[in-house]
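Open the model in your viewer and keep the selection box handy. We'll go stop by stop, picking a few residues at a time.

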2 protein chains.
Amino acid sequence: MAQKQENLSKNQKIVLDFIEKANQPLKAYSILFNVQKKGLKAPPQVYRALDRLVEIGKVHKIESKNAFVACKNSNCTISNATAFSICDGCEKVTEISNPKLSKYLSGFQDNSGMKYNKYNLEFFGLCKKCR
Amino acid sequence: MAQKQENLSKNQKIVLDFIEKANQPLKAYSILFNVQKKGLKAPPQVYRALDRLVEIGKVHKIESKNAFVACKNSNCTISNATAFSICDGCEKVTEISNPKLSKYLSGFQDNSGMKYNKYNLEFFGLCKKCR
DNA sequence: TTGAAAATGTTATATTATAACACTGTTACA
DNA sequence: TGTAACAGTGTTATAATATAACATTTTCAA
């Protein structure tokens, strides 16, 4: 079963709270510096919380940036179909929530014999402001 | 203009040669270790070659693995539309060459105002052998 | 109430990537 | 023909990202 927020551990809550307030992708060490006042002193504490939050879909990792962002899809319980829009100008990252896109990709098959169960898509470009 | 292979510099050729022979994604430091006999002694030499090779589309970076693989699409000159299939079992990575998929994604638009000019897609699952 | 699983705290270290600077070779073109 | 611009090289050092390993504590269902 998917874990609910109230089941999160202390460190997991602290890390998730901070990421959710940020509204933008955060680096692990930036999270670490900012939660040190809450008692998380060393990298493994942050990385462990992040690993778990990613696993349960509360947080996504933006692979091209090594950064972590809260999931905007409130009922997202598992992170097996993610798509992001990344502005090369202002670095703004937005989670794409597009049913047609996710349906298309979730149903994607080719003749390689691979059985796909997860994907991550990152689009790059320029947003309105940066054009 | 896209750079042709014969225009590659010495270090770029050495690194590309090694990646092409591998037929699988390689880590930067594994490349470094293996090209030391060819005279590339320090990380920046490898990373600079990789940066350039990625820029001109000869090499792609598998972001979820921090690894580099030769482009299989022989006429690929710029790396703005990439899709990979990654087996979670044996770690085999294959570049997906599917015109319908690339057409769909290259033409993707949403109402965010973003103008997309590049994407990277990574599919995960299990290959025939690993199922 | 106890024991297995999950989480925590901690130190150290591994892995990935870039900064900075001096130098070399090539090319264009005034 | 000299010189400026530029891409590439070599090198040392260090920054940034992530995990190993191990001891301890908490949780919670059997």
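Which side chains meet in a salt bridge with an N to O distance of 3.2 Å? Select K65(A) and E91(A): their side chains are the pair, and the 3.2 Å runs from N to O. Keep in mind as you click around that this is a predicted model.

**Stop 1: the two domains of chain A**

Now colour chain A by domain, with residues 5-70 as domain 1 and residues 81-125 as domain 2. Their C-alpha centres sit 22 Å apart. Show the residues in contact and you'll have nine from domain 1 of chain A and nine from domain 2 of chain A. Between them, these two domains bury about 680 Å², with 61% of that on carbon and sulfur atoms.

To see where domain 1 of chain A puts most of its share, select H60(A), I62(A) and K65(A). These three lose the most area to domain 2 of chain A, together 58% of what that side buries. K65(A) you've already met, as the partner of E91(A) in the salt bridge. Across this domain interface there is one salt bridge, along with four residue pairs in polar contact.

Which strands should you highlight on the domain 1 side? Pick β2 (59-62) and β3 (67-70) of chain A, since each supplies at least two residues of the side that touches domain 2 of chain A. β2(A) gives the most, with three residues. Colour that side by residue class and you get four nonpolar, two polar and three charged residues.

**Stop 2: the hairpin**

Stay with those two strands. β2(A) and β3(A) run antiparallel and are joined by four bridges. To find one of the bridges, select V59(A) and look across to A70(A), its partner in β3(A). The two strands form a hairpin with four residues between them. In the turn, click on N66(A), which has a positive phi of about 50°.

**Stop 3: where chain A meets chain B**

Zoom out and show both chains. The contact takes 32 residues from chain A and 32 residues from chain B. About 2700 Å² is buried between the chains, and carbon and sulfur atoms give 62% of it. On chain A, select M114(A), F123(A) and F124(A): they supply 21% of the area that chain A buries against chain B, more than any other three residues.

How many salt bridges are there between chain A and chain B? The count is zero. What you can look for instead is polar contacts, with ten residue pairs across this interface.

Next, highlight β4 (81-87), α4 (99-106) and β6 (115-126) of chain A, each of which supplies at least two residues of the side touching chain B. β6(A) gives the most, with twelve residues. By class, the side of chain A that touches chain B divides into 15 nonpolar, eight polar and nine charged residues.

**Stop 4: the strand pair across the chains**

For the last stop, select β6(A) together with β5 (residues 115-126) of chain B. The two strands pair in the antiparallel sense over eleven bridges. To get your bearings along the pair, click on N120(A) and look straight across: E122(B), in β5(B), stands opposite. If you're turning side chains on here, remember that in a regular strand they alternate between the two faces of the sheet.

Technical notes:
Residues are numbered from 1 along each chain as its sequence is written. Chains are lettered from A and ligands numbered from 1 in the order in which they are written. This is a predicted model: local features need pLDDT of at least 70, side-chain atom pairs count only at pLDDT 80 or more; totals for chains, interfaces and linings use all residues. Side-chain values use heavy atoms; hydrogens and water are left out. Domain bounds come from an automatic or database domain assignment. Contact means heavy atoms within 4.5 Å. Buried area is the accessible area (1.4 Å probe) that two parts lose on being put together, summed over both. A salt bridge is a side-chain nitrogen of Lys or Arg within 4 Å of a carboxyl oxygen of Asp or Glu. A polar contact is a pair of N or O atoms within 3.5 Å; within protein, one must be able to donate a hydrogen and the other to accept it, and residues adjacent in sequence count only if both atoms are side-chain atoms. Ala, Val, Leu, Ile, Met, Phe, Trp, Tyr, Cys and Pro count as nonpolar, Asp, Glu, Lys and Arg as charged, and the others, Gly among them, as polar. Two strands pair if DSSP finds at least two bridges between them.
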